[in-house]
Amino acid sequence: WRAWGVEPDAVVGHSMGEVAAAYVAGIMGLDDAARIICRRSQIVRRRASGHGRMAVVSLPLEATEALLTGYADRVAVAACNGPTTTVISGEADALVELSQLAERRDIFFQFVKVDYASHSPQMDPLRDELLESLGAIDARPTSIAMMSTSGRATLIDGPECNAAYWVSNLRHPVVFAQAIDALIADGCDVLLELSAHPTLAMSMSECLRQ
């Protein structure tokens with residue numbers, strides 16, 4: 001896109017996509033970005049694979065939290081993607097129960113094709129190993145504005161994207177919709193998704209319409 005003269009005014013990433021966003025924003029080099037992706041993936045696969053599930057629910061955040069009543073210790077909100085799209089994450093059996101509950105209530109519920117529960121308490125035991133594995137990261141000030149989605153939607157300076165930030169990125173809920181709303185409020189009205197599949201395009205369109 002840059003070769004074609006297209007330069008973003010701001011970037012935002014979803015979950016692991018924040019690493020790519022941070023690279024584009026000039027916060028870190030390609031070696032650090034690749035190291036974060038690879039080491040996170042290796043640790044998750046070795047220690048968390050097979051212990052959880054994730055699912056997309058077509059409900060606003062508040063309604064999803066109400067749906068999870070009684071499951072607080074087993075399932076968590078993993079991401080708020082849009083005004084009517086929320087991702088939940090947690091114990092596999094609990095998500096199966098919730099899928100049955102959603103079916104009875106005629107709520108769209110679709111499992112994500114993963115066998116672990118990122119952005120949930122299941123990631124807590126990985127914290128120390130991931131922090132040690134990532135080590136020192138040369139995080140620099142942004143050259144392009146970047147809106148964080150790790151726990152809260154806020155513009156970041158860049159140097160705070162150290163190893164601890166990327167551990168939090170795996171654990172905290174992804175506040176994607178809130179980040180998009182903040183960018184729209186700041187004047188961004190052309191949103192371009194760069195990913196393997198356009199999974200967030202509908203959610204961004206919903207944010208714009210709202």
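These exercises work through a predicted model.

## Exercise 1. The four-stranded sheet

Task: Give the strand order of the open sheet, then find which strands stand at its edges.

Solution.

Step 1. The order of the four strands is β3-β4-β2-β5, and the pairing is antiparallel.

Step 2. Look for strands with a single partner. These are β3 and β5 (109-112), so each has one side without a neighbour in the sheet.

Step 3. Check the twist. On average, neighbouring strands are turned by 25 degrees against each other, direction ignored.

Step 4. Take one pair in detail. Six bridges join β3 and β4 in the antiparallel sense. In this pairing Ala-79 stands opposite Val-87 in β4.

Step 5. Add the helix. α8 packs on the sheet and touches β3 and β4. The direction of α8 makes about 65 degrees with that of β3.

## Exercise 2. Two nonpolar cores

Task: Which residues touch the most other members of the largest nonpolar core, and which elements give two or more residues to it?

Solution.

Step 1. The largest core holds 29 residues. Val-57, Leu-67, Val-75, Ile-88, Leu-98 and Phe-109 touch the most other members.

Step 2. Assign the elements. Those giving two or more residues are the strands β2 (53-57), β3 (75-82) and β4 (85-90), and the helices α3 (61-67), α4 (92-104), α7 (176-185) and α8 (201-209).

Step 3. Separate the other core. It has 26 residues, including Ala-21, Ala-25, Val-44 and Leu-170.

Step 4. Inspect Val-75. Beyond four places in sequence, Val-75 is in contact with Leu-68, Ile-88, Ser-89, Gly-90, Ala-94, Leu-95 and Leu-98.

Step 5. Inspect Phe-109, which lies in strand β5. Its relative accessibility is 15%; the limit for buried is under 20%, so Phe-109 counts as buried. Beyond four places in sequence, Phe-109 is in contact with Ala-55, Val-56, Val-57, Ile-88, Leu-95, Leu-98, Ser-99 and Ala-102.

Step 6. Add a distance. Phe-109 and Arg-35 are 74 residues apart along the chain, and their C-alpha atoms are separated by 34 Å.

## Exercise 3. The buried faces of α7 and α1

Task: Where around the helix axis do the buried residues of α7 fall? Repeat the analysis for α1.

Solution.

Step 1. List the buried residues of α7. They include Phe-176, Ala-177, Ala-179, Ile-180 and Leu-183.

Step 2. Look down the axis. The buried residues of α7 fall within an arc of 160 degrees, so they line one face of the helix.

Step 3. Find the cover. Among the elements over these residues are β1 (10-12), β3, β6 (145-148) and α8.

Step 4. Step past the helix end. Just after α7, Gly-187 takes a positive phi of about 110 degrees.

Step 5. Turn to α1. Its buried residues are Glu-18, Val-19, Ala-21 and Ala-22. They cover an arc of only 160 degrees around the axis, which puts them on the same side of α1.

Step 6. The cover of the buried α1 residues includes β1, α2 (30-47), β6 and α6. Just after α1, Gly-26 has a positive phi of about 85 degrees.

## Exercise 4. Asn-169 and its surroundings

Task: Is Asn-169 buried or exposed, and which backbone oxygen does its side chain reach?

Solution.

Step 1. Place the residue. Asn-169 lies in helix α6 (residues 163-171).

Step 2. Apply the cut-off. Its relative accessibility is 3%, and buried means under 20%, so Asn-169 is buried.

Step 3. Follow the side chain. It reaches the backbone oxygen of Ser-15 at 3.1 Å.

Step 4. List the contacts beyond four places in sequence. Asn-169 is in contact with Ser-15, Met-16, Glu-18, Arg-40, His-119 and Ser-150.

Step 5. Check phi for two of these partners. Most residues other than glycine have a negative phi. Ser-15 has a positive phi of about 60 degrees although it is not a glycine. His-119, also not a glycine, has a positive phi of about 60 degrees.

Step 6. Locate both. Ser-15 is in the loop between β1 and α1 (17-24). Its relative accessible area is 12%, and Ser-15 is buried. His-119 is in the loop between β5 and α5 (127-134). With a relative accessible area of 3%, His-119 is buried.

Technical notes
Residues are numbered from 1 along each chain as its sequence is written. This is a predicted model: local features need pLDDT of at least 70, side-chain atom pairs count only at pLDDT 80 or more; totals for chains, interfaces and linings use all residues. Side-chain values use heavy atoms; hydrogens and water are left out. Buried means under 20% relative accessible area, exposed over 50%, partly exposed in between (1.4 Å probe, protein chains only). A polar contact is a pair of N or O atoms within 3.5 Å; within protein, one must be able to donate a hydrogen and the other to accept it, and residues adjacent in sequence count only if both atoms are side-chain atoms. Contact means heavy atoms within 4.5 Å. A nonpolar core is a set of buried Ala, Val, Leu, Ile, Met, Phe, Trp, Tyr and Cys residues joined through side-chain atoms within 4.5 Å. The arc is that of the directions from the helix axis to the C-beta atoms. Two strands pair if DSSP finds at least two bridges between them. Axes are lines fitted to C-alpha atoms, for helices over the stretch in contact, and angles run from 0 to 180 degrees between N-to-C directions.
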